[in-house]
Amino acid sequence: MAEAVSVVAESLAGDRARAARNVLDQVVLPGEELLLPEQEDAEGPGSAGERPLRLNAGTRSRGRVVCGPGLRRYGDRLLVTKCGRLRHKEPGGGSGGGVYWVDSQQKRYVPVKGDHVIGIVTAKSGDIFKVDVGGSEPASLSYLAFEGATKRNRPNVQASGMGVIGQDGLLFKVTLGLIRKLLAPDCEILQEVGKLYPLEIVFGMNGRIWVKAKTIQQTLILANILEACEHMTADQRKQIFSRLAEC
Amino acid sequence: MKETPLSNCERRFLLRAIEEKKRLDGRQTYDYRNIKISFGTDYGCCIVELGKTRVLGQVSCELVSPKLNRATEGILFFNLELSQMAAPAFEPGRQSDLLVKLNRLLERCLRNSKCIDTESLCVVAGEKVWQIRVDLHLLNHDGNIIDAASIAAIVALCHFRRPDVSVQGDEITLYTPEERDPVPLSIHHLPICVSFAFFQQGTYLLVDPNEREERVMDGLLVIAMNKHREICTIQSSGGIMLLKDQVLRCSKIAGVKVLEITELIQKALENDQKVRKEGGKFGFAESIASQRITAFKMEKAPIDTSDVEEKAEEIIAEAEPPSEVVSNPVLWTPGTAQIGEGLENSWGDLEDSAKEEEDEDGTDGAVILGSTKMDAGVEVSNIGSQDAPIVLSDSEEEEMIILEPDKNPKKIRTQTISAKQEKAPSKKPVKKRKKKKAAN
């Protein structure tokens, strides 16, 4: 039966391979196949029979394409593995290429190299800390990884604590989508929150937020606002913020 | 999967917030989270939501013979399950300490308080009684499982209807719901658990702790009570010393909370009853809030319908005649159907071909078996003469030689056809033989 399913997925994808450029910010579904701009020009969806996508040949000169989360290279083709909205980021220098990924709604963090995360130290064994980052396996972190740590000067990190972030403040968990939303460069929520109270805040790509304000009351309000922002429209949010600013 | 550890800063923050009489979700010390009760389409099925904690309750019944020492009493059975869906830390199929504790507490709360009249569940004394089974599943875990589970259990029991029975002489008749209306259980009172979490060795107290509060609490006191302020069970865990005053104060608070919850339950039951009577819509799907981003349903948009008919006629007049439409549902295979035009459903095709393959396999196997049966007599005599012991082994590398049945059946030895070999079509027996030899 598994074979049959994969056949269906393939045939479906083959029929409907859409150009990635045309479906930007649109919903894509797992099993769907995408065409990158380069392939589109070279072969196009019209030239049926040919394999629609080549990641290797000829693309290197035009810029590298990176598959982000939710996309997967399958032989010569690019398949969607998560449902969500397709996003694209142009590379810093030249044109073409860049990063494609799928923004989806999920809570479970899948560790990715290069992500900034908030971890909780669960154990200390020798030179290595075991850190829980929300993934399926704990991460291990050498004590030398901390700022200012040398072989003589060990960082003061206690097991099951967050020695580095600070003893106060509140750590809470939100969905990964909300974190990405908050970390977007032009995020209004963060600017508005910043106007309310002076605060310290740390975002981890693993869905954890640490926030600290002057009083416990303020910290609680901030945490609740950030959590509630996920399912609010801009207008609703503005209303709430103006109400909070009054009191 | 392991539970996410609680960081020191969370713990410190929570405890300091509790000292300041603040809670994470903005509740006061004695506040419950929102309780929502929704019913399924069947009787005896409900979902209770306590904030984000969610418990599904389902009651079922069965006619069984009673226990020997209680010949005239029905049997009550409670079972709570903590599935992995509720929290990744729960392990499936393992009786954790928490689960055992919760199950015992539930039994004490509901069975030992005699809230259900078990004698009314007796059909024929000593022979047939009703066994009522209450299954509770935790769907999401956000603390205070026991309160949510006890509410779900009693609500499901109140909502449940068992088939009517009549006894005439030795004959027991069981009526279907169409013949006679099912009868509700006779319930004397509604015991409800109320949990109190204690912090800092009992200095601070919170009602209805959520998951994070449960993690930092020192002790837990559960009081089960009904609306007549009768305590049904009381349990203190966590090993803290409680003063008499504290327990009394808790029982007072519990009395108030139980009264509120009982009213809510009765209202929910009445509502459901009313909707069912009027033939309105009921069931879980109907109780999903529709005006949220995460809901499945769309809000109805008002549409201007003033001159719709004229417009429609215009459109029809201008449009081309419709292409041929398959008016009957196309049934490719049982379970799949399609009405109208459009792409053909390719699932059915695939399944068909798979079935055909299976069928072929099946017939192949049958043919082989048939031929072997025919030759069984010959084979036994052959082996007897060879004086070799027959070994029935399970290994796959068996020597199997199959010849066509019309040929000389002398050499057929078939005790060792394994299931795999049966499946494989054996159209070229000679080739197979070579392969086997090579393998050996």
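This passage walks through the two chains of a predicted model, then turns to their salt bridges, charged patches and a few individual residues.

Starting with the overall make-up, chain A carries six helices and 14 strands, while chain B comes out at nine helices and 14 strands. Of the 247 residues in chain A, 37% are buried; for the 440 residues of chain B the share is 39%. As for sequence separation, 53% of the chain A contacts with a separation of 6 or more come from residues 24 or more positions apart. In chain B, 67% of the contacts between residues at least 6 apart in sequence join residues at least 24 apart. On the surface side, chain A exposes about 14,100 Å², with carbon and sulfur atoms supplying 52% of it. Chain B exposes about 27,000 Å², and there carbon and sulfur atoms supply 52%.

Next come the salt bridges. Searching the whole structure turns up 26 of them over all chains. One in chain A pairs A:E188 with A:R237, whose closest N and O atoms sit 3.3 Å apart. A:E188 belongs to helix α4 (residues 188-196) and A:R237 to helix α6 (residues 234-246), so this pair ties together parts of chain A that are 49 residues apart in sequence. The two ends differ in how they are covered: A:E188 is partly exposed at 39% relative accessibility, whereas A:R237 is buried, with a relative accessible area of 8%.

A second bridge in chain A brings together the side chains of A:E200 and A:K212, at 4.0 Å from N to O. Here the partners are in strands: A:E200 in β13 (residues 199-203) and A:K212 in β14 (residues 208-213), so the link ties together parts that are twelve residues apart in sequence. With a relative accessibility of 43%, A:E200 counts as partly exposed. A:K212 also falls in the partly exposed class, at 27%.

Over in chain B, the side chains of B:R33 and B:D208 meet in a salt bridge with an N to O distance of 2.9 Å. This pair links distant parts of the chain, 175 residues apart: B:R33 is in the loop between α1 (8-19) and β1 (35-39), and B:D208 is in the loop between β12 (204-207) and α4 (211-216). Both B:R33 and B:D208 are buried. The bridge doesn't stand alone, either: salt bridges with shared partners join B:R23, B:D25, B:R27, B:R33, B:D142, B:D208 and B:E213 into one network.

B:D208 is worth a second look for its backbone. Its phi is positive, about 55°, although B:D208 is not a glycine. The relative accessibility of B:D208 is 0%, so this residue counts as buried. B:K114 is another residue other than glycine with a positive phi, near 55°. B:K114 sits in the loop between α2 (97-110) and β5 (122-124) of chain B. At 60% relative accessibility, B:K114 counts as exposed.

Charge also gathers on the surface. A negative patch in chain B is formed by B:D307, B:E309, B:E310, B:E313, B:E314 and B:E318. Within that patch, B:D307 is in the loop between α5 (244-278) and α6 (308-318). B:D307 is partly exposed, its relative accessible area being 35%. That clears the cut-off of over 30% for patch residues.

The positive counterpart draws on both chains, with A:K107, A:R108, A:K173 and B:K52 gathering in one surface patch. A:K107 lies in the loop between β8 (98-103) and β9 (120-125) of chain A. Its relative accessible area is 60%, so A:K107 is exposed.

Last up is B:S237, in strand β14 (residues 231-237) of chain B. B:S237 is buried, with a relative accessible area of 17%, which puts it on the buried side because that class means under 20%. Which residues does B:S237 contact once its neighbours within four places in sequence are left aside? The contacts of B:S237 are then with B:K101, B:G219 and B:L220.

Definitions and conventions: Residues numbered from 1 in each chain as written. Chains lettered and ligands numbered in written order. Predicted model: local features only at pLDDT ≥ 70, side-chain atom pairs only at ≥ 80, totals over all residues. Heavy atoms only, no water. Helix = DSSP H or I, 4+ residues; strand = E, 2+ residues; numbered from the N terminus. Buried < 20%, exposed > 50% of the residue type's maximum accessible area, 1.4 Å probe, protein only. Contact = heavy atoms within 4.5 Å. Areas by Shrake-Rupley, 256 points an atom, 1.4 Å probe, with all protein chains shown as cover. Patch = residues over 30% accessible without salt bridge, like charges linked within 9 Å, V, L, I, M, F, W, Y side chains within 5 Å. Lys, Arg positive; Asp, Glu negative; His and termini not counted. Charge placed at Lys NZ, Arg CZ, Asp CG, Glu CD.
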